[in-house]
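Let's take a walk through a protein structure together. We'll start with one chain on its own, then see how it meets its neighbour, and finish with a couple of residues up close.

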Amino acid sequence: MTSQSKFLPKFLPMSWPDRRAYGVARVRDGAFSEIISLWRKRKADGMKQTELADRLGRDTGWLSKKLRGPGNWTLNTIGAMVEALDGEIEIRVYDINDRAAPTKNSTGYSGYDLQIPPPKGNTKLIPRTVTGSAVR
Amino acid sequence: MSIATILATLDANGDLSRYVPRSRHDPVRRLYLSKEALNDLQSPYSATNLLNLRGQIEAALTHWTLNGRVYADDEGEARFLKRLDKPPPEIWNIRVTEADVQARLFGRFIEPDTLVLTKFYPRGAFSPKLKKGKKKTPQQKAKEARKWRQAMTDCEKAWLKLFPAGELFSGNTIHDYVTENCDDFPI
């Protein structure tokens, strides 16, 4: 057995249990990011953690842990946080195959593909997309 | 040779795997996995997969590549991404998921907004699970420190195998490493 054979082909698809966990984590991460943005805004306007904790009916130790990261966030946490911060939540779900409008002229990996030399007489480089790293 | 060409060559050779998120959006930041990290991510026998962590880890990788906020807490302490105290220098880890970290993804920056991850560690890899109310003994703390040091050394060794010419990015502030959507915190 060669040393390379212990490694699997590039990027096997996730199993359904993994995809379910992925989906939960993505929702949680998204909610956390948005709520933290609103919290930062309220904090800049003078709100204190003690006031937010009071509105949530919790102690500041609980709140401090929640604000550290989204790991333990639930739907209850998200909803309560939004209300306590005088916010409003909007949720949209898309078909993953409907590509979003690009926000920049290039993607993060633009320019990170190997260029193969052009045939003789042709001065234009031909970009070669690296295989094995396609979107799953 | 440019960093982009080096990465593309390593990707083509199979020494690195470019991570493209499962998303309708294009990736913004770059992320590459070494063979070992790729194995940790998707082998059914890896420690991280035996603990069913792949979904959460992929969510963190997606968060990074889609320009998700690199957040700190209210005290200004790094949470999502943290540089570890040297030696060796410039070892970073993505913490999946704060506040109760389930996995740590070790790697280094090869240039701004470009992480190369070399190894994934599940919860419990470094610190023992303590019963409620129990504190770590000095022996447990020393053992934990040795495990962290070994993991960082392993990351450095893996890096030097990939980049023997010594390519490695080093900056002064977090914003040198992560140029957008990043909280301000000391590194």
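Of the 187 residues in chain B, 56% are buried. Keep in mind that this is a predicted model, so treat every value here as computed from that prediction.

**Chain B on its own**

What does the chain look like overall? Its secondary structure comes to 6 helices and 6 strands, and if you read along the sequence you meet them in the pattern α-β-β-α-α-α-β-β-β-β-α-α. The C-alpha trace spans about 50 × 35 × 35 Å along its principal axes. For 187 residues, a compact globule would have a radius of gyration near 16 Å, and chain B has 16 Å, so the two agree. The folding also brings together parts that sit far apart in the sequence: take the contacts in chain B between residues at least 6 apart, and 54% of them join residues at least 24 apart.

Now look at helix 1 of chain B. Its buried residues are B:Ala4, B:Ile6, B:Leu7, B:Ala8, B:Leu10 and B:Asp11. After this helix comes B:Gly14, which has a positive phi, near 90°.

**Where chain B meets chain A**

How many residues of chain B are in contact with chain A? There are 59, and they touch 53 residues of chain A. The size of an interface is often given as the accessible area lost when the parts come together. Here the area buried between the two chains is about 5100 Å², with carbon and sulfur atoms giving 51% of that. On the chain B side, B:Arg18, B:Arg22 and B:Arg24 lose the most area to chain A, together 19% of what that side buries.

There's plenty of polar business here as well. The rule finds 25 residue pairs in polar contact across the interface, and the count of salt bridges between the chains is 5. In one salt bridge B:Asp100 pairs with A:Lys65, and the closest N and O atoms are 3.4 Å apart. Several elements of chain B each supply at least two residues to this side, including helix 1, strand 1 and strand 2. Helix 4 gives the largest share, 8 residues.

Sorted by class, the side of chain B that touches chain A looks like this:

| Class | Number on the chain B side |
|---|---|
| Nonpolar | 21 residues |
| Polar | 17 residues |
| Charged | 21 residues |

**Two residues up close**

First, find B:Arg24 in the loop between strand 1 and strand 2 of chain B. Is B:Arg24 buried or exposed? With a relative accessible area of 15%, B:Arg24 counts as buried, because the cut-off for that label is under 20%. From chain A, B:Arg24 touches A:Tyr94, A:Asp95, A:Ile96, A:Asp98, A:Arg99 and A:Ala100. A polar atom of the B:Arg24 side chain lies 2.8 Å from the backbone oxygen of A:Asp98. Compare positions, too: B:Arg24 and B:Ser2 are 22 residues apart in sequence and 29 Å apart in space, C-alpha to C-alpha.

Next, look for B:Thr114 in strand 6 of chain B, which covers residues 114-122. B:Thr114 is buried, with a relative accessible area of 0%. What does B:Thr114 touch, leaving out residues up to four places away in sequence? The list has A:Tyr112 from chain A, plus B:Leu7, B:Arg30, B:Tyr32, B:Trp64, B:Arg108 and B:Phe109 from chain B. You have already met B:Leu7 among the buried residues of helix 1.

Definitions and conventions
Residues numbered from 1 in each chain as written. Chains lettered and ligands numbered in written order. Predicted model: local features only at pLDDT ≥ 70, side-chain atom pairs only at ≥ 80, totals over all residues. Heavy atoms only, no water. Contact = heavy atoms within 4.5 Å. Buried area = accessible area lost by both parts, 1.4 Å probe. Salt bridge = Lys/Arg side-chain N within 4 Å of Asp/Glu carboxyl O. Polar contact = N/O pair within 3.5 Å; in protein donor to acceptor, adjacent residues only side chain to side chain. Helix = DSSP H or I, 4+ residues; strand = E, 2+ residues; numbered from the N terminus. Nonpolar A, V, L, I, M, F, W, Y, C, P; charged D, E, K, R; others polar. Buried < 20%, exposed > 50% of the residue type's maximum accessible area, 1.4 Å probe, protein only. Rg over C-alpha atoms; globule rule 2.2 N^0.38 Å.
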